[in-house]
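Thanks for making the time this morning. I would like to walk you through one model, going from a few individual residues out to the whole chain, so please keep the structure open as I talk.

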Amino acid sequence: MVEKIKKTPQNPSVSGARKGALEVLHQLFRHPEDTTPLPVLLTRQAAGLEARDASLCAELTYGVLRRHALLDTALAGFLKKPEALSAQVRMLLRLGTYEILFMDGIPARATVNELVNLARRRFGQGLGGLVNGVLRSVDRQAEALRAGADRTLLALESGNLDAAGMAEATSLPLWLTKMWAEQYGEREACFMAANTLKHPAPCWRANLKKAWGEMLVRHWLERGYAPVGQGGFSAQGLEKGRAEEGELLASFEARGDLTRQGASSQLVTEYLASWMAEAGLTDTPLWDACCGRGGKTTALLEKGVRVELASEPAAFRLEELKAALLRLRLPWPQLRCAQAQRIEESFPLILLDVPCSGTGTLARNAELRLRLSPARIADIARVQADILVHAWRNLQPGGALFYVTCALNRDENEGRIEAFLREQGRDGRLVEQRLFAPLFPGQDALFLAILRKKS
């Protein structure tokens, strides 16, 4: 069945939420070349909104992004020439249709009245009348439209759609669903596409360097949270609205006992720490060459890995890593604000969490539906190749290199490693490679390859 978002009838002054969602959606659709993260755009838009308004604004934005192709299909039966309408009017109709079909707790008449009034103020009486007629028709046909959406989503979750059907059901670009179908098979591609519609639940990892870290994990598992690896837990499956728990979790985060980190990312760092321990390399210096905000850096430090250097070209991300190191009271590695390709230091262990398409994070980063393109992925692949070659030159003989992406694309994963090893000849070998599929609905997928250099 269509998953409807539960909202209470006493919802906020949704005008502010709707206006904010429309502004963010216009920005995203008009400027797909912009790389500003969606949470940043939403935070800017939420200035002046009450907390519940800001939450609804975000829900509307994510909902339309994930469903805009399905919404367009629903609207097609009520519009003679949809292409003749301005982008703003079409977006307003999508927003109203999403609310009517996919959200509980907001009466359809309230949705229609507010959006009609907004259309009249912005576009005049004529278009206001059109919006009124179309949205009232959607409301009258809502049951049939939901049934059609149900059938489409059931076929998707059963693995029974082709690339075009996947694209319509999930608003993913057709070139991407075709690529997934070719690389992974249509059935697996359907499951991957279905995951992009899910709402990822928050996950935390406990700081096991603290004596009470394991006890903290047990406490939250006893409260119904789902386990993540050996030292983490997720709110997956829990009902929303446990506000007192959110406040308590935030207090544990603030004092360095917990850190928000996705399930797959936790499992990758846990796996790497275990692999290094078995190989007797835990105390071997490691360079985290693409550390970003430092989620994996701090996770490895908590597990006793000797991270000696962490580098990242974006200064604001390094500032977030510094804040995390202070909060968690961890030993500081050297920090370098530079591209990995600009650093000339040799290490026996190198972690490359390389820039990638992020196609394994589409549930969390719904805006990538608009921003990704084959040309952009080709550019990213060239950067990956440059970083990998440079890091390999700086890897000491006998050393290990850990290559990580959050991409669902063999050209960035297995294909990249295969091409690299072919170029290196007998200098390197693949120890193992694996995909960490989402542990829970909506979680990221991560790829890991471990390479060793000849002594």
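Let me begin with Thr361, which, once residues up to four places away in sequence are set aside, touches Leu368, Cys406 and Asp444. I should say straight away that this is a predicted model, and I will come back to its confidence values later on. Thr361 sits in the loop between strand 8, residues 347–353, and helix 16. Is this loop residue buried or exposed? With a relative accessibility of 3%, Thr361 counts as buried, because the cut-off for that class is under 20%. If you look for Ala149, you will find that Thr361 and Ala149 are 212 residues apart in sequence, and that their C-alpha atoms are 24 Å apart in space.

From there I would like to turn to helix 8, which covers residues 163–170 and has 6 of its 8 residues buried, so that the rest of the structure largely encloses it. The buried residues in question are Ala163, Gly165, Met166, Ala167, Ala169 and Thr170. Which elements do they pack against? The partners are helix 3 (51–76), helix 7 (142–157), helix 9 (174–184), helix 10 (186–195) and helix 16 (368–371), and you will recall helix 16 as one of the two elements that flank the loop of Thr361.

Directly after helix 8 comes Ser171, with a positive phi near 60 degrees, and this is a positive value in a residue other than glycine. Ser171 belongs to the loop between helix 8 and helix 9, and at 5% relative accessibility it counts as buried. A second residue to set beside Ser171 is Arg329, which is likewise not a glycine and has a positive phi, near 55 degrees. Arg329 is placed in the loop between helix 15 (315–328) and strand 7 (334–336), but here the surroundings are another matter, because Arg329 has a relative accessible area of 72% and is therefore exposed.

The next stop is helix 17, residues 374–394, and within helix 17 I would point to Asp379. Its relative accessibility is 41%, so Asp379 counts as partly exposed. Asp379 and Ser357 are 22 residues apart along the chain, and 9.7 Å separates their C-alpha atoms.

Helix 17 also contributes to the cover of helix 18, and this is the last local region I want to describe. Helix 18 runs over residues 414–424, and its buried residues are Arg416, Ile417, Ala419, Phe420 and Leu421. As a reminder, an α-helix has 3.6 residues a turn, so residues three or four places apart point the same way. What covers the buried side chains and backbone of these residues includes, besides helix 17, strand 9 (395–405), strand 10 (428–436) and strand 11 (446–453). Leu421 is a useful example: its relative accessible area is 17%, and it is therefore buried. Beyond its neighbours within four places in sequence, Leu421 is in contact with Gly428, Arg429, Leu430 and Leu451. By contrast, 51 Å lies between the C-alpha atoms of Leu421 and Leu101, which are 320 residues apart along the chain. After helix 18 comes Gly425, whose phi is positive and near 65 degrees.

Let me now step back to the whole chain. The protein has 18 helices and 11 strands, and its C-alpha trace spans about 75 × 50 × 40 Å along the principal axes. How does the radius of gyration sit with what a compact globule would have? For 455 residues the expected value would be near 23 Å, and the protein has 24 Å, which agrees. Buried residues make up 53% of the 455, and among contacts with a separation of 6 or more, 74% join residues 24 or more positions apart. The protein exposes about 20,200 Å², of which carbon and sulfur atoms supply 51%. There are 59 positive and 52 negative charges, and their mean positions are 3 Å apart.

Finally, the confidence values that I promised. The average pLDDT of the protein is 93, and 96% of the residues score at least 70. Over residues 5–13, however, pLDDT stays under 50, and for that stretch the model has 22 contacts beyond four places in sequence.

How values were computed. Residues are numbered from 1 along each chain as its sequence is written. This is a predicted model: local features need pLDDT of at least 70, side-chain atom pairs count only at pLDDT 80 or more; totals for chains, interfaces and linings use all residues. Side-chain values use heavy atoms; hydrogens and water are left out. pLDDT is the predictor's confidence in each residue, from 0 to 100. Contact means heavy atoms within 4.5 Å. Helices (H or I, at least four residues) and strands (E, at least two) are DSSP runs, numbered from the N terminus. Buried means under 20% relative accessible area, exposed over 50%, partly exposed in between (1.4 Å probe, protein chains only). The radius of gyration is taken over C-alpha atoms; the globule rule is 2.2 Å times the number of residues to the power 0.38. Accessible areas come from the Shrake-Rupley method with a 1.4 Å probe; for residues, only the protein chains shown count as cover. Lys and Arg count as positive and Asp and Glu as negative; His and the chain ends are not counted. The place of a charge is taken as NZ of Lys, CZ of Arg, CG of Asp or CD of Glu.
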